Amino acid sequence: MSRDLEVLKLLEDNARLTPREISEMIGCSEEEVKKIIEERERDGTILKYKTLIDWERVGEDFVYAIIDVRVTLTREKSYDDIAKRIAKFPEVHAIRLVSGDYDFQVVVKGKTLKDVAFFVADKISTLPEVRDTFTHFVLRSYKEEGVLLFKDEEDRRLAFVP
Amino acid sequence: MSRKINERVSSIEPSGIRRFFDLVVGRRDIISLGVGEPDFPVPWSVRESMIYSLERGWTSYTSNRGLKELRDGIAEYYKRFGVETSGDNILITTGVSEGLDLALRAVINPGDVALIPEPCYVAYKPLTFLAYGEPVEIPTYPNFKLNYDKLKSYERFEPKVLIINYPNNPTGVTYSKRELEEIADFVFENDMIVVSDEIYAELTYKGRHLSLASLNGMEERTIVLNGFSKSYAMTGLRIGYAIAPDEIIDAMTKIHQYSMLCAPITSQIGALEALKVELERVRAEYMRKRNYFVNRLRRFLNVKMPEGAFYAFPSIRGTGLSSEEFAERLLKEKGVAVVPGNAFGRSGEGYIRCAYAVSMEKLKVAVERIGEFVESLKS
């Protein structure tokens, strides 16, 4: 694995690792790690550092909905054009072109059920290219970004094996 | 001596680690680098396959040798370590521990000498002794490696067996092809049998692991022991295997059929699934932990970069403490559990074994505390 890839993979899993720690893990100089990170921040490979938060635990709940969107393509409007138009709404958490019955999967985040429902009705369904939408409200999340949101395993290892 | 108990059993010392075990009972602030066990649970696909098998009621005995698909799967798998074998030369055991016991009992006659390079895993000597063999230690301090000349000086014992373990617990040392050939030369010259404990084979960080049985002719005189405990974290499931030439595998199977009958079927099914698990990520993860831990440790202790397994074996000679004093005080004063080197034989004195198979967060705290402890010894 190239050094760049290794640094990126480590940061993807834990953005708080210091260049020093990363250098100790992969066995190169701290300067080299700093250089890689700076370069990757500059060229847009590293988009952002953020924190995965389980909002339910602080009672600060959000409403998420997954909207299947079917669209009509025209000569003037390709998938990319339509996707960009939808993506720019701040309420849209994620948008992906998918295979299957629908064209896009849009994840919308809002404060209340009403917020989300009206956003879809007002902003998405009304786009001329959108043929129909199908909204699934998320009731509970069990795993996000590869991280389990529940804990049902414990470390039962002994400190010594006699 | 009590007449009730077999003399050999009576004369064996219980494991020296027991005393340390008692010291940590009830303490919750301990970070343990003491145990040779990965800190992640068994991969879910493996656990799921075992659950499914239980749902379908697969709880019977298996054949003595173990499930044929598993044995064939292992034969295929072991090609990666240079060994061409078949499922017929494989015996599924209840962990490498059973495999080791069977191997020694199958080949040792009363009084036969087994050469055991030290420091080494704690079971080799007692099990040799219980098989009515005579263990002869070969100290490997300070580079912890065997070579032809070292072995040659033990020819006078007319040894029958060599027990070798690489990548090594506790030293992390492993062998290149050329170094293995030197060992094989000695084994041929003395018409010996090798018990090759390769449980850490997957955790080789420099190049690829090469089995001793892969060397020309060695397949006729090598008993390879391996298992699923270390690379797949299946420690408590007790599942391992032996690969040996016909005559020896038959002899081992004979003992196994009477003493164990078969390895637990649930564990065998788990092992079958484990063979499909890609280990590259696990290896990379351990390698990062190794680098991080050893690089940090080097600021205050003398330690070689281990080439395999998940142990660092730093020297604590500069501290003025014995291995046991060091380990005991580190545990009491800083809550970090390590194993004193002398638990692995006399030539491990002056060292401690740190298993770095714990989370990066714990590793970070542990190495800080070890540093503080070493500093405190200076003032």
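This section describes the chains, domains, cores and contacts of a predicted model.

Chain B has 13 helices and 12 strands. Its C-alpha atoms occupy a box of roughly 60 × 55 × 50 Å along the principal axes. The radius of gyration of chain B is 21 Å, in agreement with the value near 21 Å for a compact globule of 379 residues. Of these 379 residues, 49% count as buried. Among the contacts in chain B between residues at least 6 apart in sequence, 74% link residues at least 24 apart.

Two domains make up the division of chain B: domain 1 comprises 7-42 + 279-378, and domain 2 comprises 56-274. Taken over C-alpha atoms, the centres of domain 1 and domain 2 of chain B lie 25 Å from each other. The contact between these domains draws on 31 residues from domain 1 of chain B and 32 residues from domain 2 of chain B. On the side of domain 1 that touches domain 2, the elements giving two or more residues are α11 and β9 (311-312) of chain B. Of these, α11(B) gives the most, with five residues. By residue class, this side of domain 1 of chain B consists of 17 nonpolar, seven polar and seven charged residues.

Helix α10 of chain B, residues 265-274, is mostly covered, with eight of its 10 residues buried. The buried residues of α10(B) are B:S267, B:Q268, B:I269, B:G270, B:A271, B:L272, B:E273 and B:A274. The elements that cover them include α3 (44-55), α4 (68-77) and β2 (90-93) of chain B.

The nonpolar cores were examined next. In soluble globular proteins, nonpolar side chains tend to be buried together. The largest nonpolar core of the model holds 123 residues, and B:L33, B:A103, B:A242 and B:Y356 have the most contacts inside it. Helix α5 (residues 95-107) of chain B supplies the largest share of this core, seven residues. For B:A242, with neighbours within four places in sequence left aside, the residues in contact are B:L91, B:T93, B:G99, B:L102, B:A103, B:I223, B:V224, B:L225, B:I249 and B:M252. A second core, separate from the largest, has 14 residues, among them A:V71, A:I82, A:I86 and A:V120.

In chain B, the loop between β5 (161-165) and α8 (177-189) contains B:N168. This residue, B:N168, counts as buried because it has 27 C-beta neighbours inside 10 Å, where 20 or more are required. Apart from neighbours within four places in sequence, B:N168 is in contact with B:F144, B:V173, B:T174 and B:A309. The C-alpha atom of B:N168 lies 13 Å from that of B:I116, a residue 52 positions away along the chain.

Chain A is also divided into two domains, domain 1 (3-42) and domain 2 (55-141). The centres of domain 1 and domain 2 of chain A, taken over C-alpha atoms, are separated by 35 Å. Strand β1 (residues 63-71) of chain A runs antiparallel to strand β3 (residues 104-110) of chain A, and seven bridges join the two. In this pairing, A:V69 has A:F104 of β3(A) as its bridge partner. Strand β2 (residues 92-97) of chain A is likewise antiparallel to β3(A), to which five bridges join it. Here A:A94 is positioned opposite A:V107 of β3(A). A hairpin is formed by β2(A) and β3(A), with six residues between the strands. Within its turn, A:G100 has a positive phi of about 110°.

At the interface between the chains, 19 residues of chain B are in contact with 13 residues of chain A. On the chain B side, two or more residues are contributed by each of α2 (18-24) and α11 (280-297). The largest share of that side comes from α11(B), with five residues. The side of chain B that touches chain A is composed of nine nonpolar, five polar and five charged residues. Helix α11(B) thus contributes residues to the contact with chain A and also to the side of domain 1 of chain B that touches domain 2.

Note on methods: Residues numbered from 1 in each chain as written. Chains lettered and ligands numbered in written order. Predicted model: local features only at pLDDT ≥ 70, side-chain atom pairs only at ≥ 80, totals over all residues. Contact = placed C-beta atoms within 7 Å. Helix = DSSP H or I, 4+ residues; strand = E, 2+ residues; numbered from the N terminus. Nonpolar A, V, L, I, M, F, W, Y, C, P; charged D, E, K, R; others polar. Domains from an automatic or database assignment. Pairing = 2+ DSSP bridges. Rg over C-alpha atoms; globule rule 2.2 N^0.38 Å. Buried ≥ 20, exposed ≤ 12 C-beta atoms within 10 Å, placed from the backbone. Core = buried A, V, L, I, M, F, W, Y, C linked by C-beta atoms within 7 Å.
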